[in-house]
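Student: I'd like to learn how to read a few features off a model. Can we go through them one at a time?

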Amino acid sequence: VLVSTSLLPFLATVLLPWVVPASFTIRLNQDVLLHLFIRFLVEFLIVGILTGALVTVLTGMPEGFNFTSAVTATLIVTALLTLTVNHTLTRPKWESFSHEWKKLKHKEVVWCGDDLQFKKIQSENNQKKYPFVTNFRGMITFVTTFTILAVDFPIFPRRFAKTKTFGCSLMDIGTGSFIIANGIVSPESKNRVPDLKKAIISSWPLLFLGFCRLLAVKGIEYHEVVEEYGVHWNFFFTLAGVKILSAIVFSVVGTKSAWTSFITVGIMYEALLILADVQNGYILNVSISRDDSLLAANREGIFSVLGYLSLFMGSVFAGQLINHKNRKTYQDWINYVIQATFIGCAMWSAFVFWHNFVNPMSRRVGNFSYVLWSSFTLTYLRFF
């Protein structure tokens, strides 16, 4: 499902020239509103409607029939064939691609994710905004929102719902993906040392939303799973905690140590869970009453902040790779894809080892296996 949904923005882009007739091309370049309207229709049909179908009817088949793989393969073939045809109708031709590539690979990449307005935005902010990052963050928000609403209906496959203790599902990736989406565009990813005072002040909207959600849920007696975060805790508090803690850590060790901080915090939290028996002896121990203390009532949410902190630092490192100042030409970006692929394979291998031989993945606890599994989502940035 993740592969399929990540292909949809790319599919919408390559199919757009087939939707817009050649006679409209000149007019589109002059009429911004018409261009945006047609682009909205194409992206709504492909990204909006297909995404909803991919997490409901297209994957709700009986077990034993791998329909999801068939849909993913169809999307990949369609996107590649359309891209191939688009390039054979334009320059450079495929038969002379090697010759054209020698002239092209050292040219600077001009990102045009917002088409007509991108150059203006870049000149005003003096900072590049990469379309694949925007697509990634947009799709994460859309899929997460859609699944939260769809989970209460029979059309939503139950295997996509959140796991109770151990394991992984589609909805388990939502919280980790939000942390990643914040980390890759954070000031720390641009090597700006955070200011703790500003981090605390900028966290008040998250704390405000957290308390609003708490009051709303308790006020209308909305059904909630206490084992997910605790009695009073919710994900807004987690986001605020990660923001403040990351500012403290990075102000001490610096932003250039994001990778080592990611590993260090993750391993230290894992040692706390396993060696100190905090995971099974306290967090997952049903015999401990939630009325004992505020910590006991919200132990899942409070302790998992450390796991999400590790994940945030890993995503900051990914953002630093994306925003590298020396990455300008096509060859530089191809080298980045190779580097990201290598890191993704390493992270996936580490997850398989850690999940099977050290500590199984648990979103509820936010252990290192969950952090590694969520980090693998970063590899889908290449599809966007």
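**Disulfides, a helix and a pocket**

Student: Let's start with crosslinks. How many disulfides does the structure hold?

Tutor: Zero disulfides in this one, and bear in mind that the model is predicted. In general, a disulfide is a covalent bond between the sulfur atoms of two cysteines.

Student: Then which class does cysteine 212 fall in, buried, partly exposed or exposed?

Tutor: Cysteine 212 has a relative accessible area of 35%, so it counts as partly exposed. Cysteine 345 is partly exposed too, at 47% relative accessibility.

Student: On to helices. What span should α16 have, going by its residues?

Tutor: Use 1.5 Å a residue: α16 covers residues 299-322, which is 24 residues, so it should span 34 Å. Its end C-alpha atoms lie 35 Å apart, which agrees.

Student: Where does α16 bend?

Tutor: At valine 305, by about 30°. As for cover, 21 of the 24 residues in α16 are buried, with under 20% relative accessible area.

Student: Now pockets. How much space lies in the second largest pocket?

Tutor: About 1,300 Å³. Its lining counts 45 residues, and Ile148, Lys162, Met171, Arg213 and Glu228 lie nearest the centre.

Student: Which element gives the most to that lining?

Tutor: α7 does, with nine residues. Elements giving two or more residues include α1 (2-19), α8 (173-183) and α12 (235-253).

Student: And what is the lining like by class?

Tutor: For the second largest pocket, it's 22 nonpolar, 14 polar and nine charged residues.

Conventions: Residues numbered from 1 in each chain as written. Predicted model: local features only at pLDDT ≥ 70, side-chain atom pairs only at ≥ 80, totals over all residues. Heavy atoms only, no water. 1 Å grid on protein atoms, 1.4 Å probe; cavity = no way out; pocket = protein on both sides within 12 Å on 5 of 7 lines; lining within 4 Å. Points joined across faces, edges and corners; volume = space filled by probe spheres on them. Helix = DSSP H or I, 4+ residues; strand = E, 2+ residues; numbered from the N terminus. Nonpolar A, V, L, I, M, F, W, Y, C, P; charged D, E, K, R; others polar. Disulfide = S-S within 2.5 Å. Buried < 20%, exposed > 50% of the residue type's maximum accessible area, 1.4 Å probe, protein only. Expected span 1.5 Å × (residues − 1). Bend = angle between axes of the 7 residues up to and from the residue.
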